[in-house]
Amino acid sequence: MKDNIFAAVGRTFLEAVGFMGSVAIFLFEGLVQTFASAKIFPRSLRQIYVIGHKSLFLILLISLFCGMVLGLQGYYTLIKFGSVGFLGAVVSLSLIRELGPVLTAIMLTGRAGSSMTAEIGVMRITDQIDALDVMDINSMSYLVSPRLAASLVSFPLLTAVFDVVGIVGGYLTGVAMLNMNQGAYFYRISSSVSMDDIVCGFVKAVVFGLLVTTVCCHQGYYTHRRRDSVGPEAVGNATTSGVVISCVLILASDYVLTSIFL
Amino acid sequence: MASWDIRFDRLQAGYGERRVLTDVNGVLPGGAVSVILGGSGCGKSTLLRQIIGLSKPMGGSIVIGGQDISTMDRKAFRRLRRHMGVLFQDGALLGALTLGENAVLPLSEHLSLPKDLLRREALRVLSMVGLAEFIDYYPNELSGGMRKRAGLARAIVAEPRILLCDEPTSGLDPITAARMDDLLLSMHRHYPDMTIVVVSHDLDSLERIAGHVLVLRDGVSSFCGKLEELRKADDPYLRQFLRRDAGEVNDCGAQAMDGTVAASLKRWLES
């Protein structure tokens, strides 16, 4: 029995290490092809449209409500301590350092990451990726690199949109609805947010973008190697895995990055 | 390179630990239409994947045009593979591209050609397969047979020396299947030097197109030669296969349905 438990733990550990190694190699290959491919620009533009433009409305909606909730919660918490003037600082720092990059990445995982996995997974099970290889077209360069490049652009830009709209949401609750002083709200934002906070938020957005795109593309690309299922079911399972692993990695890497930047 | 024939010598191949092909020997001659024939699960598609380099042999060798691909480095094999066109089972067209873009994908990816020239090329190959009017359609707007024909157009756009077709008539009605066979024969007439290899278990297609046949049985090549020689072969399995004879069939041993299940089923059917 003891042997079985140790064997199971060891197997799981080895599989996890193997998976991380495979994802790391996949990311490396994808980045190499990003710089080696001559047609990366037009393909990336299309992916920026898919990842960025098509997710914009969702990000606007989520960020507005997120900022409004932060404004509401912050107002009633700060008022107990007579510090309601700091609402602008609370909303902006929470958004720029943490909630902006994390929530944007999680939303994009659900919106764009899942579709990347499903699209590439279907291409894998219908021989389309094999067809690319046979035509001597590098499938990494054709499918993965444009998505990586697009993520490097889209994730920080959408994070910036999230931050700005979230701050507007906080303004709507704090100033427009609860009659807080408008000058105090914006003064606390400008006095408390430093360039380091903004850099921290953007670095997180870039890292999350790379993580989400790599994991989701990896899951789709190796759909045929799944041991739990085959065919369309494998595509479904790969999509679920892509989203779950991405979300866990976003939160885990957020902790690491926050501890580095503090 | 003189002749683009494909030679197998004690080839073994499979997936992971499982060997699907255990001993394949024979030659598919250059400039001929050859059919790789065999029952379901005998390793036909595995053999095709070996030829196009999607899997590595576990043993033995494959020699294409005088070059042993099992010992060839990746770069050299990629150069050799440029001379191959492949028609996958369902066409394997890229869903995000139109038929025209799919048809000229090998050209648009590897050559710097103007768009109007690429469109003319797309029209040329699509008209060869009777799909010129569908040049701006997407693959999901077409029937299975049309997708296969479009896949064939893409496979021949770079005028390859070897054309490989994976079950081109499977899933097609008899008329569409016959048209597909005629299309392959027409390709053979247009490109007499092209080695055409068709993986199939369709006996009608075999009769119509094959000049040469390699028969696989349980991962072993049981026959390799001309179609006429196959017809005269004494091997009981080959004769049985060509006659579509099921052989000794075990009785299915039908038993009466459980009474409770039968009663429930009856109630449901009558409800």
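**Exercise 1. Find the domains of chain B in this predicted model, and describe how they meet.**

Step 1. Read the bounds. Domain 1 of chain B covers 1–83 + 160–247, and domain 2 covers 92–159.

Step 2. Place them. The centres of the two domains, taken over C-alpha atoms, lie 25 Å apart.

Step 3. Count the residues in contact. Domain 1 of chain B supplies 15 residues and domain 2 of chain B supplies 12.

Step 4. Take the area. The two domains bury about 1,100 Å² between them. Carbon and sulfur atoms account for 74% of that.

Step 5. Look at the side of domain 1 that touches domain 2. Helix α7 (residues 174–190) of chain B gives the largest share, 5 residues. By class, this side has 10 nonpolar, 3 polar and 2 charged residues.

Step 6. Check the pairs. The domain interface has 0 salt bridges. It has 3 residue pairs in polar contact.

**Exercise 2. Describe the interface between chain B and chain A.**

Step 1. Count the contacts. 20 residues of chain B touch 16 residues of chain A.

Step 2. Take the area. About 1,600 Å² is buried between the chains, with 56% from carbon and sulfur atoms.

Step 3. Count the pairs. There are 4 salt bridges. One of them joins A:Asp130 and B:Arg49, whose closest N and O atoms are 3.1 Å apart. That distance meets the cut-off, within 4 Å. There are also 8 residue pairs in polar contact.

Step 4. Locate the elements. On the side of chain B that touches chain A, α2 (74–81) and α4 (105–110) each give two or more residues. The largest share, 5 residues, comes from α4(B).

Step 5. Sort by class. This side of chain B has 11 nonpolar, 3 polar and 6 charged residues.

Definitions and conventions: Residues are numbered from 1 along each chain as its sequence is written. Chains are lettered from A and ligands numbered from 1 in the order in which they are written. This is a predicted model: local features need pLDDT of at least 70, side-chain atom pairs count only at pLDDT 80 or more; totals for chains, interfaces and linings use all residues. Side-chain values use heavy atoms; hydrogens and water are left out. Domain bounds come from an automatic or database domain assignment. Contact means heavy atoms within 4.5 Å. Buried area is the accessible area (1.4 Å probe) that two parts lose on being put together, summed over both. A salt bridge is a side-chain nitrogen of Lys or Arg within 4 Å of a carboxyl oxygen of Asp or Glu. A polar contact is a pair of N or O atoms within 3.5 Å; within protein, one must be able to donate a hydrogen and the other to accept it, and residues adjacent in sequence count only if both atoms are side-chain atoms. Helices (H or I, at least four residues) and strands (E, at least two) are DSSP runs, numbered from the N terminus. Ala, Val, Leu, Ile, Met, Phe, Trp, Tyr, Cys and Pro count as nonpolar, Asp, Glu, Lys and Arg as charged, and the others, Gly among them, as polar.
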